[in-house]
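Me: Please take a close look at a single part of this model. Work outward from there to whatever surrounds that part, and give the cut-offs as you go.

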Amino acid sequence: MTAGAAQALQVIMRSSRFEASDDRSTVARAAQDLSEGAGVSGTGDGDVCRIYTPVGTAEAELRITWRRSGSVPESDPAPKFTVLPMGERALTATDGAFLRFVCRSAKLTGAGPAHVDIGVERGGMPTPPEGDPGELKNAYATVAHSFSLAMAKELDCEDDAGLPEKPELRPRQ
């Protein structure tokens, strides 16, 4: 995770300390699951990890997920989302973000390139987001970018799936 993503987690979780879900919840493990379990049909999904606030503090959970799809996005995003110019499709809101990238890699089976979505969402019971809406949108997008770039690198995607080294947070025009 990048330093920017660590700071973004503080904005989202309203804490500077976190608990990991378990030792097996890593980008490397998620990339392995994506490449091994999704080869036959070209689709699949799973968790990258979950991030929790420390025991004894106000409980919060952040879910980082992956999904492999065999197609490009067809529908318009919900009105709550802002479209960003990263990957194949990047959406951010005050309560989550999704970044889709196209990966061409020898590590992936199936016909054609893989369309990989990384999602970042609050877990548990939905509550209204707390904080500055612009800051929250940027924070969610930053975390989604960090995990997407890490996944692209772990999968050995050509040219890191075209993802920039730093997140592009200005809305797409």
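**Strand β5 and its surroundings**

Reply: Starting from the N terminus, the elements follow the order α-β-α-β-β-β-β-β-β-α. That makes three helices and seven strands, where helices (H or I, at least four residues) and strands (E, at least two) are DSSP runs numbered from the N terminus. The model is predicted, so local features need pLDDT of at least 70 and side-chain atom pairs count only at pLDDT 80 or more, while totals for chains, interfaces and linings use all residues. Residues are numbered from 1 along each chain as its sequence is written, and side-chain values use heavy atoms, with hydrogens and water left out.

The part I would pick is strand β5, residues 89-93. Five of its five residues are buried, so β5 is largely enclosed by the rest of the structure. Buried here means under 20% relative accessible area, exposed means over 50%, and partly exposed lies in between (1.4 Å probe, protein chains only). In a regular strand the side chains alternate between the two faces of the sheet. In β5, Arg-89, Leu-91 and Ala-93 point one way and Ala-90 and Thr-92 the other, and all are buried. For the protein as a whole, buried residues make up 42% of the 173 residues.

β5 has a partner before it in sequence and another after it. Two strands pair if DSSP finds at least two bridges between them. Strand β4 (residues 82-84) pairs with β5 in the antiparallel sense over three bridges, with Val-83 opposite Leu-91. These two strands form a hairpin with four residues between them, and Gly-87 in its turn has a positive phi of about 60°. On the other side, β5 and β6 run antiparallel and are joined by five bridges. The hairpin from β5 to β6 passes through two residues. Leu-91 has Phe-98 as its bridge partner in β6.

Following the sheet onward, seven of the eight residues of β6 are buried, so β6 too is largely enclosed by the rest of the structure. β6 and β7 are antiparallel and share eight bridges; Arg-100 has Asp-117 as its bridge partner in β7.

A helix comes up against this region through Tyr-140, which is found in α3. At 2% relative accessibility, Tyr-140 counts as buried. Contact means heavy atoms within 4.5 Å. Not counting residues up to four places away in sequence, Tyr-140 touches Ile-12, Leu-62, Thr-92, Ala-93, Thr-94, Asp-95, Gly-96, Ala-97, Val-120 and Arg-122. The C-alpha atoms of Tyr-140 and Phe-98 are 8.6 Å apart, although 42 residues separate the two along the chain.

The helix itself can be checked for length. The expected span of a helix is 1.5 Å times one less than its number of residues. The 22 residues of α3 should therefore span 32 Å, and its end C-alpha atoms are 32 Å apart, which agrees. At the start of α3, a side-chain oxygen of Asp-132 comes within 3.2 Å of the backbone nitrogen of Gly-134. Just after α3, Asp-156 takes a positive phi of about 60°.

α3 also meets the N-terminal helix. Ala-5 lies in α1 and is buried, with a relative accessible area of 0%. Beyond its neighbours within four places in sequence, Ala-5 is in contact with Thr-142, Val-143 and Ser-146. The C-alpha atoms of Ala-5 and Val-143 are separated by 4.9 Å, with their positions 138 residues apart along the chain.

Last, the nonpolar core. A nonpolar core is a set of buried Ala, Val, Leu, Ile, Met, Phe, Trp, Tyr and Cys residues joined through side-chain atoms within 4.5 Å. The largest one has 40 residues, and those with the most contacts inside it are Val-48, Leu-62, Ile-64, Phe-101 and Met-151. At least two residues of this core come from each of α1 (3-13), α2 (27-37), β2 (44-52), β3 (61-69), β6 (96-103), β7 (114-122) and α3 (133-154). The largest share, nine residues, is supplied by α3. Setting aside neighbours within four places in sequence, the contacts of Val-48 include Ala-30, Ile-64, Trp-66, Phe-147 and Met-151. Across the protein, among contacts between residues at least 6 apart in sequence, 64% join residues at least 24 apart.

Methods
Polar contact = N/O pair within 3.5 Å; in protein donor to acceptor, adjacent residues only side chain to side chain.
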